[in-house]
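Me: Could you walk me through reading the sheets, helix packing and ligand shell of a model?
Reply: Gladly; have a look first.

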Amino acid sequence: MAKRKLLVVEGDAELRRALRLHFEHLEVVVADSRETALAQVRRHEPPAVLLDLCLPPEPEVTVEGLAALRQILSEAPDTKVVVLAPGRDHASALEAIGSGAYDVHHKPCDLALLSLVVERAAVLYALQQEHRRTQQLAPDSPLAGIVSRDAAMLKLCRDVERVAPTAATVMLLGESGSGKELVARALHRMSGRADARFVAINCAAIPGDLLESELFGHEKGAFTGAGQQTLGKIEMASGGTFFLDEVGDMALALQAKLLRFVQERVIERVGGRAEIAVDVRIVCATHQDLKALVARGAFREDLYYRLSEIVLAIPALRERVGDCALLAHHFRNLWSARTGRVPMRFTDEAVAAIEAYRWPGNVRELENCIKRAVIMADGPLIGASDLGLPLPGQPGPDVNLRRARAAAEYQAMVCALARADGNIARAAELMGVSRPTVYDLMHYHGIRG
Ligand SMILES: Nc1ncnc2c1ncn2[C@@H]1O[C@H](COP(=O)(O)OP(=O)(O)OP(=O)(O)O)[C@@H](O)[C@H]1O
């Protein structure tokens, strides 16, 4: 079995040697500066790094080491970086932990202890990788109900997992039909409030003069037709999650009342005087550019900041790589089953048309389109005309893996060489490969140095 890798970043050659010797049961790779450390991380992707904070060119301070720590973690966030800080330098130790170091040890180090820490770090790293792999094995549904394999959507789902258990108010931004309510429901389902209600209200769908009583409820006789006391949606969501959709459409006068609720977590029913405390998690959504509304004076800035503690942006369907076809198959299966039709198939032309179309109405439009085609198609084949989509003028992306890899490799090479101003050693570092490999690749792709 291949030995596990450990990167030792140490400015002192003597200590570097000692550490290499101590960890001889591992494959130790070394670096003596921030640049070489980053190059080694890219090249070897080590689970654990031992990082001396006092790196050249100014080994008497910790600036370079801390910068290296941050850069390593920004490039390879799962890497466990064990920091070696100068004895009694607590400020640097604290800063290192704050920047994401896995552990901090003061020099001179206890090597036996360091071995244990490195061992534990590698185990944690392996667990995280395993977790990621199992998540990728079932990538059609990164969160229950959300179908996607697009990297930005998978990241969004990880963010949802992280934010859901907190009390933070979340603002979901995304075009109409992109899945804002679906994400809001996922936030609810994965929170400690899952057993209580999820109550949604769409500010754009309710006439302005009714919205206040829909939100806050009303007392009997509050206005003509108010025959009995009625709870508002906020109160109905008590203990659970309140989803305020299209919040950008709310009139300014009502925004002031909403602000009061968001700040003080009490409501007053229309026509009532009592202040009623309500405990709900607030999730908002809008397809509008709220910042522009704030700039125009159409949305209160104080409310904007209160509602945007965490902002999650949902990409438009046309921006998600591979999702149009994936979702089309998903909805075809769903609606074939729901309508009791025999399993259906898309023609190649239909898939190409689905991939080429821009889907301004996002997932909702795609779902409606597939549902209609499943219901209306004569036989088991769904063609582009059954979908009512124009035939694509240009072929979709090339999915031949060899050609796709070669094209990506060529692009990375050209970029790295340009960034390194033609310096092969530097380009090799950037790409995380050796210099001879760069020469081979340049030869293969016909790139001249
Ligand atoms: N990634 C997805 N996987 C599966 N179904 C999805 C996905 N995204 C959206 N949908 C489905 O598409 C439809 C529209 O989604 P949703 O209502 O959440 O969009 P929205 O952004 O809230 O729309 P609007 O802005 O118009 O209120 C729903 O039926 C939803 O279940």
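Reply: Let us begin with pairing: two strands pair if DSSP finds at least two bridges between them. Strands (E, at least two residues) and helices (H or I, at least four) are DSSP runs, numbered from the N terminus. Residues are numbered from 1 along each chain as its sequence is written. This is a predicted model, in which local features need pLDDT of at least 70 and side-chain atom pairs count only at pLDDT 80 or more, while totals for chains, interfaces and linings use all residues.

Me: What is the order of the open sheet with strands 1 to 5?
Reply: In general, strands of a sheet pair through backbone hydrogen bonds, either parallel or antiparallel. Here the five strands follow the order 2-1-3-4-5, with parallel pairing. Strand 2 (27-31) and strand 5 (103-106) are the edges, each pairing on one side only. From one strand to the next, the twist averages 20 degrees.

Me: How many bridges join strand 4 to strand 5?
Reply: Four, between strand 5 and residues 80-85 of strand 4, and Val82 stands opposite Asp103. Helix 4 (residues 90-98) lies across both strands, at about 170 degrees to strand 4. Such angles run from 0 to 180 degrees between N-to-C directions, with axes fitted as lines to C-alpha atoms, for helices over the stretch in contact.

Me: What is the order of the sheet that contains strand 14?
Reply: That open sheet of five strands reads 7-10-13-6-14, again with parallel pairing. Strand 7 (198-202) and strand 14 (310-313) each have a single partner strand, so one side of each has no neighbour in the sheet. Inside the sheet, four bridges join strand 6 (residues 170-173) to strand 13 (residues 281-286), where Val170 stands opposite Val283. Helix 7 packs on this sheet, touching strands 6, 7, 10, 13 and 14, and makes about 165 degrees with strand 10 (241-245). Contact here means C-beta atoms, placed from the backbone, within 7 Å.

Me: Which residues are closest to the ligand?
Reply: A residue counts as near if its C-beta atom, placed from the backbone, lies within 6 Å. The ligand is surrounded by 16 residues, the closest being Val147, Gly179, Lys180, Glu181 and Val363. Helix 7 (180-189) and helix 15 (362-376) are the elements that give two or more residues to the shell.

Me: Why does the ligand lie between two domains?
Reply: Domain bounds come from an automatic or database domain assignment. Domain 2 (151-313) and domain 3 (319-387) both give residues to the shell, so the ligand lies between them.

Conventions:
Two residues are in contact if their C-beta atoms, placed from the backbone, lie within 7 Å.
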